[in-house]
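Reader: I am a first-year student, and I would like a close look at a single part of this protein. Please start with its charged side chains, then show me what lies around them.

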Amino acid sequence: MERVGVLTGGGDCPGLNAVIRAIVKTALPNKIKVVGIKNGWKGMITLDATDLDLDAIAGILPKGGTILGTSRTNPFKNKGDVEKVVDTYKKLKLDALIAIGGEDTLGVANKLCKENKGLNVVGVPKTIDNDLNATDYTFGFDTAVNIAMEAIDRLHTTAESHHRIMVVEIMGRHAGWIALHSGLAAGADIILIPEIPIDLDEVCELLRKRHSRGRLFSIVAVAEGAEFKAGQVVTKEQQLDAFGHVRLGGIGETLAEEIEKRTKFETRVTVLGHIQRGGSPTAFDRVLGTRFGVKAMELAMAKKFGYMVSLAGTEIREVPIEEAVGKLKTVDKAFYDMAKTFFG
Ligand code: F6P
């Protein structure tokens, strides 16, 4: 093992730099060179890479985003791109490639392994959405939850002053983890997630009940992927990305309009958007990213390819990459039902 490549793909998230730093810090004492691939799989198609030495990783631990850049490029989309990826791997004389990403980036890694393209791949799970299977948590999630929690705390005071309903739209794609965790942590009065269709009658009834007992303000936390009962996902545009995902967003606005129309309570909407993905990682995400990075490098050195590092309870383990992709990890009904104790 002499040269290991590392790339970060998909939406960025806090903690990526902690992983990169841990990979380099584990590799160098073992006389292994680390090559940083720029902008995810795109850099493997265009051969855009840089050496990662101690200088390159100095001071990056508290930094959000990724020093390598990222993209949502799918090499399996355009003819000839997979061959370019294989070519870059050979030209850079890589012995292994560590792919840090979510379902899409790791899906590509898995396909490259399955199709025996000659690439030795190790995966590291990343996403604020926490929707990856085969790991209890992904780094980035804790930071996003804390940002959303603080936002809801702040919305509480202005909601109370103005006797308003505040609808807050929270990221998470088709999983309600961020909305549920931040909503619970900040005491949202109603939490709506993609796993359970929104019943507008129920939502308005809860809000009216709160009003009737003198609570003249309410916080409604809604996940961006939530859908109305017998309705469709509200999308900003129907355009799909390279992995076939629609861009979500807009449910908060529609929900706020419906609530105001039906209850006549003054309602406002806040869309947290990419603020949830920006800035410095929490201690939890820095430590999880660090543990993942060390373990990923250990797997590469042990020539254990086709595996992804994962958190099981408090332990860092490895699981076949294919266990993580293909099916999303969504919120279970029992957890949501528990949260309902605090609704209204
Ligand atoms: O997967 C992470 C995520 O932030 C989702 O929560 C969100 O739906 C999506 O990425 C936004 O993607 P983009 O950064 O391409 O707008």
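**Charged pairs and the sheets around them**

Author: Four residues, Asp-201, Glu-258, Lys-261 and Arg-262, are joined in a network of salt bridges. Keep in mind that this is a predicted model. In total, the structure holds 18 salt bridges. The general idea is simple. Side chains of opposite charge can pair when their charged atoms come close.

Take one pair first. Arg-164 forms a salt bridge with Glu-266. Their closest N and O atoms are 3.4 Å apart. This pair links distant parts of the chain, with the two positions 102 residues apart. Arg-164 sits in the loop between α5 (141-162) and β6 (165-170). Glu-266 sits in the loop between α8 (251-263) and β11 (267-271). Are the two partners buried or exposed? Arg-164 has a relative accessible area of 14%, so Arg-164 is buried. Glu-266 has 34%, so Glu-266 is partly exposed.

Now a pair within one helix. Glu-205 and Arg-208 meet through their side chains in a salt bridge, 3.3 Å from N to O. Both lie in helix α7 (residues 200-212). They are 3 residues apart, about one turn of the helix. Glu-205 is partly exposed at 38% relative accessible area. Arg-208 is partly exposed too, at 34%.

Another pair is Glu-315 with Arg-317. Their side chains form a salt bridge, again described from N to O, at 3.3 Å. Glu-315 is partly exposed, with a relative accessible area of 45%. Arg-317 is partly exposed as well, at 40%.

Go back to Arg-164 and Glu-266. The loops that hold them lead to β6 and β11. Where do these strands belong? They are part of an open sheet of 4 strands, in the order β7-β8-β6-β11. The pairing in this sheet is parallel. β7 (190-192) and β11 stand at the edges. Each has a single partner strand, so one side of each is left without a neighbour in the sheet. Neighbouring strands here are turned by 20 degrees against each other on average, direction ignored.

Look at β6 and β11 together. They pair in the parallel sense over 5 bridges. Val-168 stands opposite Thr-270 in β11. Helices pack here too. α8 packs on the sheet and touches β6, β7, β8 and β11. The direction of α8 makes about 160 degrees with that of β6. α5 lies across β6, β8 (218-223) and β11. α5 runs at about 165 degrees to β6.

Next comes the ligand. Which residues are around the ligand? They are Arg-72, Ile-128, Asp-129, Met-171, Gly-172, Arg-173, Glu-224, His-274 and Arg-277. Three of these have contacts worth a look. A polar side-chain atom of Glu-224 lies 2.5 Å from an oxygen atom of the ligand. For His-274, an N or O atom of the side chain is 3.0 Å from a ligand oxygen. Gly-172 uses its backbone: an N or O atom there lies 3.1 Å from an oxygen atom of the ligand.

Now the other sheet. An open sheet of 7 strands runs in the order β3-β2-β1-β4-β5-β12-β13. Its pairing is mixed. The edge strands are β3 (49-52) and β13 (315-320), and each pairs on one side only. Neighbouring strands of this sheet are turned by 30 degrees against each other on average, direction ignored.

Inside it, strand β4 (residues 96-101) and strand β5 (residues 121-125) pair in the parallel sense over 5 bridges. Leu-97 stands opposite Val-121 in β5. Helix α1 (residues 16-27) packs on this sheet. α1 touches β1 (3-8), β2 (33-37), β3, β4 and β5. Its direction makes about 160 degrees with that of β4. Helix α9 (residues 283-301) packs on the sheet as well. α9 touches β1, β4, β5, β12 (307-312) and β13, and its direction makes about 140 degrees with that of β12.

Finish with β1 and β2. They pair in the parallel sense over 4 bridges. The bridge partner of Val-4 in β2 is Val-34. β2 is mostly covered, with 4 of its 5 residues buried.

Conventions
Residues numbered from 1 in each chain as written. Predicted model: local features only at pLDDT ≥ 70, side-chain atom pairs only at ≥ 80, totals over all residues. Heavy atoms only, no water. Buried < 20%, exposed > 50% of the residue type's maximum accessible area, 1.4 Å probe, protein only. Pairing = 2+ DSSP bridges. Axes fitted to C-alpha atoms, helices over the stretch in contact; angles between N-to-C directions. Contact = heavy atoms within 4.5 Å. Near = heavy atom within 4 Å. Polar contact = N/O pair within 3.5 Å; in protein donor to acceptor, adjacent residues only side chain to side chain.
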